[in-house]
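Notebook open, coffee poured. I wanted to look up how some strands pair and what lines the main pocket.

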Amino acid sequence: MALNIDRWIDENKAQFLPPVCNKLMHGDGQLKVMFVGGPNIRADYHMEEGEELFYMVKGDMCVKVIEQGKFKDVVIKEGEMWILPGRIPHSPQRFEDTVGLVIERERLEGNEWDGLRWYRRDTETPEPLYEEWFHCHDLGQQLKPVIARYFASPQHESNRPTTDADTVGHIVPTPKVDLDTSTTLKQPFSLADEIQKHRALLEAGSSVVLCSEREFVVRALGGDASGANVAEEVQETGEMWLWQIEGTVCATVDGNDISLAAGDSLLIKEGQRKRVSRSPGSIGLEITMTPPTYS
């Protein structure tokens with residue numbers, strides 16, 4: 001079923017206010033597509049293997065990160081997109097009257113950990129203060145007790161860490177996620193500006209990769225009058241989220257025709273067959289993730 005993003009946000013606007021601040025649009029498969037509101041100012045840093053995609057629908061946000069062993073703020077403005085690489089400690093800061101898109105993937109069961117970490121409050125360089133590690137199955141619910149334990153902990157009160165393995169929140173010698181300490185993070189980019197930069201190619205029916213990392217690929221596709229790029233049948237090997245930016249398309253999924261106008265979205269699940277007929281002058285996004293493999 002196609003969902004209009006603006007309409008869906010309006011219908012669920014109460015979910016984007018405290019204390020909830022977020023709602024999943026899609027969450028029962030590989031891709032977790034959600035929208036997040038504010039205000040929500042956090043002190044904890046999240047650590048995970050997978051990447052996250054951010055796009056600000058309304059207002060600006062800040063993602064605090066640890067880049068190459070230093071604190072850094074990444075500001076994502078309204079209309080900008082950004083991919084956070086995996087294994088980078090990050091702390092999203094959201095402000096009042098804002099809404100943003102976040103896409104991440106399902107964790108690979110048994111192989112991947114999530115961590116929540118706080119850093120000492122009196123140092124200019126990051127020094128871990130408190131951390132907990134867990135297998136993630138419902139991040140929203142799992143964060144609450146971890147945060148409660150931190151604020152009730154002696155580490156929070158003293159602002160001093162411990163390596164005592166019998167103490168909850170102790171700092172482990174080797175983190176369960178091999179944290180990235182070498183990557184220089186890319187800057188957010190204006191989605192509208194990037195589409196405009198490639199408009200001639202898109203209007204000729206070409207496709208352009210707007211951004212990608214190890215897992216994420218965000219591809220813009222255009223439709224042209226020749227029909228050369230329409231009605232192509234594809235067997236999906238992972239989930240794909242379609243977001244129509246301009247014009248209309250007709251997606252045939254497992255034999256069912258679904259029309260998408262500007263602002264509409266559609267999740268295509270793994271194993272489904274799709275055929276997307278793109279009208280002349282149309283522009284849409286295809287967003288996919290390819291998770292790592294573990295031996």
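**Strand pairing, then the pocket**

I started with β15 (residues 216-222), which pairs with β22 in the antiparallel sense over seven bridges. Strands here are DSSP runs of E, at least two residues, and helices are H or I runs of at least four, numbered from the N terminus; two strands pair if DSSP finds at least two bridges between them. In that pairing I noted Ile287 of β22 as the bridge partner of Val218.

I should log that this is a predicted model: local features need pLDDT of at least 70, side-chain atom pairs count only at pLDDT 80 or more, and totals for chains, interfaces and linings use all residues. Numbering runs from 1 along each chain as its sequence is written, and side-chain values use heavy atoms, with hydrogens and water left out.

Next I checked β17 (residues 240-246), also antiparallel to β22, over six bridges. Thr288 in β22 is the bridge partner of Met240.

Is β22 enclosed or open? Six of the seven residues of β22 (residues 283-289) are buried (under 20% relative accessible area, 1.4 Å probe, protein chains only), so the strand is largely enclosed by the rest of the structure.

Then I turned to the largest pocket, about 1,100 Å³ in volume. A pocket is an open set of points on a 1 Å grid where a 1.4 Å probe fits, with protein on both sides within 12 Å along at least five of seven lines; lining residues have an atom within 4 Å of a point. The volume is the space filled by probe spheres set on the points. Of its 38 lining residues, Asn22, Arg42, Leu139, Gly140 and Leu143 are the closest to the centre. I found the largest share of the lining, seven residues, in α2.

How values were computed: Buried < 20%, exposed > 50% of the residue type's maximum accessible area, 1.4 Å probe, protein only.
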